[in-house]
Amino acid sequence: MSSKRPAPEPPEPLSPLVDAHTHMDACGATDAESVTALVDRAAAVGVGRVVTVADDLAAARFAVQAAHWDERVYAAVALHPTRANALDEATRTEIEKLAGDPRVVAVGETGLDYYWPGKLDGCADIEDQVEGFRWHIELAKRLGKPLMIHNREADHDVLAVLLDEGAPDTVIFHCFSSDANMAVACVAEGYVLSFSGTVSFKNAHELREAAKMVPDQQILVETDAPFLTPHPFRGAPNESYCLPYTVRALAELRGQDPVELAKITTANAARVYGWL
Ligand SMILES: [Zn+2]
Ligand SMILES: [Zn+2]
């Protein structure tokens, strides 16, 4: 989602916040210095911690390094569902080793993506995705770490595979994008729903209804940066420092005070990622 639009201005600070899901490498961070600069920009507006998430093996190695470079950064590692066809034996061994690192707070992003097969060259087919999803579920349970789900147009099958395999104690649906019925189903299972900038898009009616259904104890906030920049900066590059825009939009939608919602989501992040 590269664009010529300038980076959004920093929002008014809103504290405390945790960016529950971002991709620092895709935001341009390459070394300890650029990682710290990115988190400094986030911290300046109240985003004190970030979880940087891998979608392939190179990104997984980077995420773990970044989490060791800066104590405000934590990692999640997995192969993205669209890359599940690369999950050979050597890759499984390395992902498993990386996932066991104490700075890794979740196995993800994994799940199912029914949008890209047939549209994207080399995209894993659905059979490979289901197999990869099952493997990551089993890994999360074995390590006792949360499972971070990517679900695109696969509501029914994501829930079915989780049920069949047996879900880990903590399941996070990152960038929740489904409707109110799916939100209710996830809440009933005890899953945690993380909302990104898409919830600020005025035309996202079903998603905005879904966001009202989630109890305080089961909600997180994220940027999924560099993607999904919140309103009114849609199309501009996203980064962790943009999170307060999304939290204010979500708070308005849910009829909550933004500071209260910030505290609630930060307490939830601390609980699910094991920072208590
Ligand atoms: Zn995703
Ligand atoms: Zn992501």
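**Zinc site and parallel sheet**

Three protein donors hold the zinc ion (ligand 1), namely Glu109 through OE, His150 through ND1 and His174 through NE2, and they lie 2.0 to 2.1 Å from the ion. The model is predicted, and the distances and angles below are computed from its atoms. Besides the zinc site, the briefing covers an open sheet of eight strands whose pairing is parallel.

**Zinc site**

- Along the chain, the donors of the zinc ion (ligand 1) are spaced according to the pattern E-x40-H-x23-H.
- Glutamate 109 also serves as a bridge between the zinc ion (ligand 1) and the zinc ion (ligand 2), and these two ions are 3.6 Å apart.
- Because glutamate 109 belongs to strand S4 (residues 104-113), while histidine 174 sits in the loop between strand S6 (171-173) and helix H6 (180-188), the pair ties together parts that are 65 residues apart in sequence.
- Both glutamate 109 and histidine 174 are buried.

**Sheet**

- The eight strands of the open sheet follow the order S1-S2-S3-S4-S5-S6-S7-S8, with parallel pairing.
- At the edges of this sheet are strand S1 (17-22) and strand S8 (219-221), each of which pairs on one side only.
- On average, and with direction ignored, neighbouring strands of the sheet are turned by 25° against each other.

**Pairing of S1 and S2**

- Strand S1 is joined by four bridges to strand S2 (residues 47-53), and the two run parallel.
- Within this part of the sheet, valine 18 stands opposite arginine 49, which is in S2.

Terms used: Residues are numbered from 1 along each chain as its sequence is written. Chains are lettered from A and ligands numbered from 1 in the order in which they are written. This is a predicted model: local features need pLDDT of at least 70, side-chain atom pairs count only at pLDDT 80 or more; totals for chains, interfaces and linings use all residues. Side-chain values use heavy atoms; hydrogens and water are left out. Donors are N, O and S atoms within 2.8 Å of the metal (3.2 Å for Na, K and Ca); water is not among the atoms, so sites may look incomplete. Buried means under 20% relative accessible area, exposed over 50%, partly exposed in between (1.4 Å probe, protein chains only). Two strands pair if DSSP finds at least two bridges between them. Axes are lines fitted to C-alpha atoms, for helices over the stretch in contact, and angles run from 0 to 180 degrees between N-to-C directions.
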